[in-house]
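Student: I'm new to this structure and I'd like a close look at just one part of it. Could you walk me through the nonpolar core and what sits around it?

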Amino acid sequence: MTAVATGVTRQLAGFAVDTRWNDIPPDVRDTVALHLVDALAAMYAGSTRAWTGAARAHALAESAPGRCGIVGSADRLRPAMAAFVNATATHGLELDDYHVPAAVHAGCVVVPAGIAVAEDLQATSRSLLTALAVGYEVVIRLGLAMSPEMTQDRGFHVTGVMGPLGAAATAANLHRLDAEQAVWALGLAAAQAGGTTEFTRSGGEVKRLHAGFAASAGLHATALAARGVSAPAHALEGPRGYAQAFGGRRIDLDQLTDGLGHRWHLDGLGIKAWSTCTGNHAPLAAVGKLCAEGLDAAEVERIDVYTDRTTAEHCGHVGPLVSDLTGAQFSLHVTLAMRIALGGNDPAHYALLEQAGFAVPEVTQVAKRVRVFVGDEQERAFSSAPSARVLALLRDGTTMSATASAPGAPHDPFGWSDVEQKAHRVADATMGTEVVDRMMSTARAWAVNDVPVAETLPWTDGERSADDR
């Protein structure tokens, strides 16, 4: 671990509350708007899932009425519980964004948290985009300082550990906390951080709620700090603080403050093409090439995948037999088998697998023939342009091979048209084509026209009941 840096918590807190619209470069503003739309599409795609329904029912039972919309209901709640529901939905189908090399999922937490606070405060679009840029940067920098070793070596989940601080930074900016209150907000958020990756070993859908827990924790932290509840001055960098507790010895605290406010790291953000864990996307792209060349499930004798160590540890250990959707979306074996046997990895393909009790014979047959290896070339490329190499041995003895990187990754980024296509593909069924179209045009205009957020969010029309209109 790097020697304890003086005032890391205070510097991050100052960045969170001092940053304004004019401090953010135009390319960062555009990136935030694009990822906001991607997060909303993921949110609506996940709005009908059972875990979102459970989160929504819990929030409706526990929250007082408020100004904040929630997906799948005409009701409006207080910010923390609204963010809990919407973040759970956003993270719930593995469609949310990621960062290379920080290996974090920021959008699924900071976007729902920011929207809830913006609605509650009746903030404008530029204020929201400013706060989201701050929240993204905080989460990314935490990832650069502590990831992926925090997950590889200690089993913590980045979304549950880093998300609360990103949500708190986003809310602190919107609430215009003072510097001391912001230090407390980060410290109170750190006190609520947690979550492990045991779901990649023994299953369960708890992972879906990690973003919801993080978003609500960050908003609770900010609200309590505003009411005067204090937290450690060195909550992050202290000898018994957040970084030591979650990161252990492999921490670079300088990543949290170097160039803070001047060097933005959002250029490392990636957008997912498919509804599966980030690590599976490069192998999927390689298999997609083989399928385009005629690879057929019935002809597969063996599939060898060479990937980076993080993916091999996170996705390669799930194996070919799964019993729930989390297992299916994380298993590299099942994910590749679905692409070969079912033709894709969208929510609709996973729904087919789920309806069959995760026992589609063609998928299982191929999944059992997948082997996962750590490739030297893939390990070297992990921090800049993650890639995968796939070798397919066919029953007639011939081989096919392909190497690919993930589409939508930072070195091959998606633009507005790509995100629009994805949004229609994953969200039309729950959101409606017209609402998706309006969402796209609205978010693109938010950086140009500073308008009230609450009046232009997609659920303003799409989620109200007839009595509310």
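**A look at the core**

Tutor: Sure, and keep in mind that this is a predicted model. The largest nonpolar core has 163 residues, and those with the most contacts inside it are L36, M162, L165 and Y242. Helix α6, which covers residues 125-146, gives the most to this core, with 14 residues. In soluble globular proteins, nonpolar side chains tend to be buried together.

Let's zoom in on L36. Setting aside its neighbours within four places in sequence, L36 is in contact with V111, I115, L129, L132, A443 and W446. So what about A39? You'll find A39 in helix α2, which spans residues 26-45. A39 has a relative accessible area of 4%, and the cut-off for buried is under 20%, so A39 counts as buried. Again leaving out neighbours within four places in sequence, A39 is in contact with T90, G107 and V111. Notice V111 there: it's on the contact list of L36 and on that of A39. Now try finding A89, which is 50 residues from A39 in sequence, while the two are 9.7 Å apart in space, C-alpha to C-alpha.

While you have the model open, here's one more spot to find. Strand β1 (residues 65-69) and strand β2 (residues 76-77) pair in the antiparallel sense over three bridges. G69 stands opposite R76 in β2. The hairpin of β1 and β2 has six residues between the strands, and G72 takes a positive phi near 85° in this hairpin.

Technical notes:
Residues numbered from 1 in each chain as written. Predicted model: local features only at pLDDT ≥ 70, side-chain atom pairs only at ≥ 80, totals over all residues. Heavy atoms only, no water. Core = buried A, V, L, I, M, F, W, Y, C linked by side-chain atoms within 4.5 Å. Buried < 20%, exposed > 50% of the residue type's maximum accessible area, 1.4 Å probe, protein only. Helix = DSSP H or I, 4+ residues; strand = E, 2+ residues; numbered from the N terminus. Contact = heavy atoms within 4.5 Å. Pairing = 2+ DSSP bridges.
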